[in-house]
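Grab your viewer and work through these exercises one at a time. Each comes with a worked solution, so try it yourself before reading on.

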Amino acid sequence: MSVLLNKPNLFIVGMPKCGTTSLYNSLRQHPDIFMSAFKEPHYFGKDLTRLNNLYFQKEEEYLKLFTTKQKISIIGETSPHYLFSHSAPQEIIKFNPSSKIIILLRNPTDLVYSLYLQYLYSGNENELNISKSLELEENRKKGENLPPDIDLVEKIFYKTYIFKMPGQIKRYLKIFGESAVKILLLEDLIQDMEGTFKEILLFLEVDSNFKPDFELKNPYKTFRNKFIRNWIKKLSPKFGELRNKFTTKPLGVMKYIENLNTKYPQKEPLDPVIKLKLDKDFYPVIKELEIIINRNLSTWYKNN
């Protein structure tokens, strides 16, 4: 049977730690939707600073991610830092003018804390104190004090990411048009996963009666052994380069080792002093988001 090389027309552009993994896993179960097996290729966004050869930068290799044996109406991928990139929306629409965009959001303070813990786990962050990490942000934007094994530098621009969010969302809405952009909250998935998923399928114009096995994924986790974590981080790009000579599909070897080295403890709450400071800093962002997405977000700030 011949295979088809497809141009993706669905992009989940962000934000990370907002339910993107759960949505990705639900969408790829749908018979009319194909999601790339390599979950976060981050091909677009030429202004993002990629290191360690982890992501796809050649169009030929990128398109191989979307090889199918039959015609599929929705071909998609999930790269949650496209929302951080100024150039990504223009690059995407130039690549495929009929693209649809999905954006997932959550309380900014909760997001920053979750991102910090995730990157500490993955090796993209090496500062053990979140307050110190936030203080280092401006220096890191100058290329200083970067974690040695970071793969995408913008990942640790925590507050900058939040402050850029309203402008970036408006940019996507302007370039693609409101009818081609779907904006949801993490709370939508938590409170009504089935109804929210049906809403997304209607947006994508595929069979909206399909019901996948829903599961909210990506809980808080940490590593068992730091040496093994660092070994995985250093070896993964080289292993990926070797694998890509034969297939673009993940083989699961490094993921298997990573899972063995992972534990799921109870997450410690964010220090109240840091939380109060972030809540105050992000309040204007939330108020601006309320206007842009036309939703009441008072649950994100009413207890401040």
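**Exercise 1.** Find the strands that helix α1 lies across, and its angle to β2.

*Solution.* Start by selecting residues 20-27, which make up α1 in this predicted model. Next, look at what it lies across: β2, β3, β5 (74-78) and β6. Finally, compare directions: α1 runs at about 165 degrees to β2. For a second case, take helix α7 (residues 158-176), which lies across β2, β6 and β7 and runs at about 160 degrees to β6.

**Exercise 2.** Work out the strand order of the open sheet and name its edge strands.

*Solution.* Walk across the 5 strands and you get β3-β5-β2-β6-β7, with parallel pairing. The ends of that walk are the edge strands, β3 (33-35) and β7 (181-185), since each of them pairs on one side only. On average, neighbouring strands are turned by 25 degrees against each other, ignoring direction.

**Exercise 3.** Trace the bridges from β6 to its partners β2 and β7.

*Solution.* Take the β2 side to begin with: 4 bridges join β2 (residues 10-14) to β6 (residues 100-105), and the two run parallel. Leucine 10 faces lysine 100 across this pairing, and glycine 14 stands opposite isoleucine 103. Now go to the β7 side, where β6 pairs over 5 bridges, again in the parallel sense. Here isoleucine 103 has isoleucine 183 as its bridge partner.

**Exercise 4.** Decide whether the faces of β6 are covered or open.

*Solution.* Count first: 6 of the 6 residues in β6 are buried, meaning under 20% relative accessible area. Then split them by side. Lys100, Ile102 and Leu104 sit on one face, Ile101, Ile103 and Leu105 on the other, and with all of them buried both faces are covered. Ile103 and Leu105 also turn up among the residues with the most contacts inside the largest nonpolar core, which has 85 residues. Tyr82 is in that group as well; beyond its sequence neighbours, its contacts include Phe11, Val13, Tyr62 and Tyr172.

**Exercise 5.** Check the length of helix α4 against its expected span, and say how enclosed it is.

*Solution.* At 1.5 Å a residue, the 15 residues of α4 (108-122) should span 21 Å. The end C-alpha atoms are 21 Å apart, so the two agree. As for enclosure, 14 of the 15 residues are buried, so the rest of the structure largely encloses α4. Last, inspect the ends. At the start, a side-chain oxygen of asparagine 107 comes within 2.9 Å of the backbone nitrogen of threonine 109. After the helix comes glycine 123, with a positive phi near 95 degrees.

Notes:
Residues are numbered from 1 along each chain as its sequence is written. This is a predicted model: local features need pLDDT of at least 70, side-chain atom pairs count only at pLDDT 80 or more; totals for chains, interfaces and linings use all residues. Side-chain values use heavy atoms; hydrogens and water are left out. The expected span of a helix is 1.5 Å times one less than its number of residues. Buried means under 20% relative accessible area, exposed over 50%, partly exposed in between (1.4 Å probe, protein chains only). A polar contact is a pair of N or O atoms within 3.5 Å; within protein, one must be able to donate a hydrogen and the other to accept it, and residues adjacent in sequence count only if both atoms are side-chain atoms. Two strands pair if DSSP finds at least two bridges between them. Axes are lines fitted to C-alpha atoms, for helices over the stretch in contact, and angles run from 0 to 180 degrees between N-to-C directions. Contact means heavy atoms within 4.5 Å. A nonpolar core is a set of buried Ala, Val, Leu, Ile, Met, Phe, Trp, Tyr and Cys residues joined through side-chain atoms within 4.5 Å. Lists of a residue's contacts leave out its neighbours within four places in sequence.
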